Amino acid sequence: MYDMETCLAFITSCAAKKITDTFNEKLITLGITRIQWNALYYLGSCEYMTQTELAKKLNVKNSTAARLIGRMERDGHVYRKKSDNDRRTVKLMITPDGRQIRERIFPEEEKLSILACRDISEEEEITFKKVLNKILTNIKQN
């Protein structure tokens with residue numbers, strides 16, 4: 001008989017929701033959302049990125065990324081710059097303010113990771129990540 005509480009998808013979903021909710025609570029005190037943090041993470045990891053590239057990284061539609069970028073630009077976290085080589089291409093770049101917020105969040109992310117992985121060995125963590133990646137691969141191939 002099917003028992004949802006032992007279902008891998010249900011357990012994974014519950015864990016992801018709890019981690020996400022806990023992290024969101026902290027991000028709200030810093031004045032940003034989780035999706036904005038994700039965007040700052042990626043934009044701060046490179047010189048620039050296009051809207052399409054960012055949307056792909058965030059696993060959102062291009063239109064969703066456009067609204068996100070608009071809000072973040074309004075708040076002074078990112079700016080848009082037309083490419084010198086191709087006027088149709090717009091580069092997204094993180095501002096000094098966005099970089100400062102990004103740097104303030106890293107320790108919070110690390111604290112949550114440490115809390116979530118308490119009493120989990122390094123080997124178990126590695127295995128867990130491998131299994132989750134295999135699950136993602138299996139689902140993408142379907």
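**Exercise 1. Find which residues isoleucine 32 touches, leaving out those up to four places away in sequence, and place isoleucine 32 in the nonpolar core.**

Step 1. With contact taken as heavy atoms within 4.5 Å, isoleucine 32 touches Leu27, Trp37, Leu40, His77, Ile101 and Ile105. This is a predicted model, in which local features need pLDDT of at least 70 and side-chain atom pairs count only at pLDDT 80 or more, whereas totals for chains, interfaces and linings use all residues. Residues are numbered from 1 along each chain as its sequence is written, and side-chain values use heavy atoms, with hydrogens and water left out.

Step 2. A nonpolar core is a set of buried Ala, Val, Leu, Ile, Met, Phe, Trp, Tyr and Cys residues joined through side-chain atoms within 4.5 Å, where buried means under 20% relative accessible area, exposed over 50%, and partly exposed in between, with a 1.4 Å probe and protein chains only. The largest such core has 21 residues, and those that touch the most other members are Ile32, Leu40, Leu43, Leu54 and Ile105.

Step 3. At least two residues of this core come from each of α1 (8-30), α2, α3, α4, β2 and α5; helices (H or I, at least four residues) and strands (E, at least two) are DSSP runs numbered from the N terminus.

**Exercise 2. Describe how the buried residues of α2 are arranged around the helix, and what they pack against.**

Step 1. The buried set in α2 consists of Gln36, Trp37, Ala39, Leu40, Leu43 and Gly44.

Step 2. Viewed down the axis of α2, these residues fall within an arc of 160°, and therefore line one face of the helix; the arc is that of the directions from the helix axis to the C-beta atoms. An α-helix has 3.6 residues a turn, so residues three or four places apart point the same way.

Step 3. The partners against which the buried residues of α2 pack are α1, α3, α4, β1, β2 and α5.

**Exercise 3. Carry out the analysis for α4, beginning with its span and ending with the residue that follows the helix.**

Step 1. Helix α4 (residues 62-74) contains 13 residues and reaches 18 Å from its first C-alpha to its last, close to the 18 Å expected at 1.5 Å a residue, the expected span being 1.5 Å times one less than the number of residues.

Step 2. Ala65, Leu68, Ile69 and Met72 are buried in α4. Seen down the helix axis, the buried residues of α4 fall within an arc of 100°, so they line one face.

Step 3. These buried residues pack against α2 (34-44), α3 (51-58), β1 (78-82) and β2 (90-94).

Step 4. After α4 comes glycine 76, whose phi is positive, near 85°.

**Exercise 4. Locate two residues other than glycine that have a positive phi, and state whether each is buried or exposed.**

Step 1. Asparagine 59 has a phi near 60° and lies in the loop between α3 and α4. With a relative accessible area of 72%, asparagine 59 is exposed.

Step 2. Aspartate 119 has a positive phi of about 65° and is found in the loop between α5 and α6 (122-141). Aspartate 119 is exposed, at a relative accessible area of 75%.

**Exercise 5. Determine how many disulfides the structure holds, and explain the case of cysteine 14.**

Step 1. A disulfide is a covalent bond between the sulfur atoms of two cysteines. Taken as a pair of cysteine sulfur atoms within 2.5 Å, disulfides number 0 in this structure.

Step 2. The cysteine sulfur closest to that of cysteine 14 belongs to cysteine 7 and is 9.8 Å away, which is too far for a bond. Cysteine 14 is partly exposed, at 38% relative accessibility.

**Exercise 6. Establish where glutamate 108 lies, whether it is buried or exposed, and which residues it touches.**

Step 1. Glutamate 108 has its place in helix α5 (residues 96-116).

Step 2. Its relative accessible area is 17%, and glutamate 108 is therefore buried.

Step 3. Not counting residues up to four places away in sequence, glutamate 108 touches Phe23, Lys26 and Leu30.
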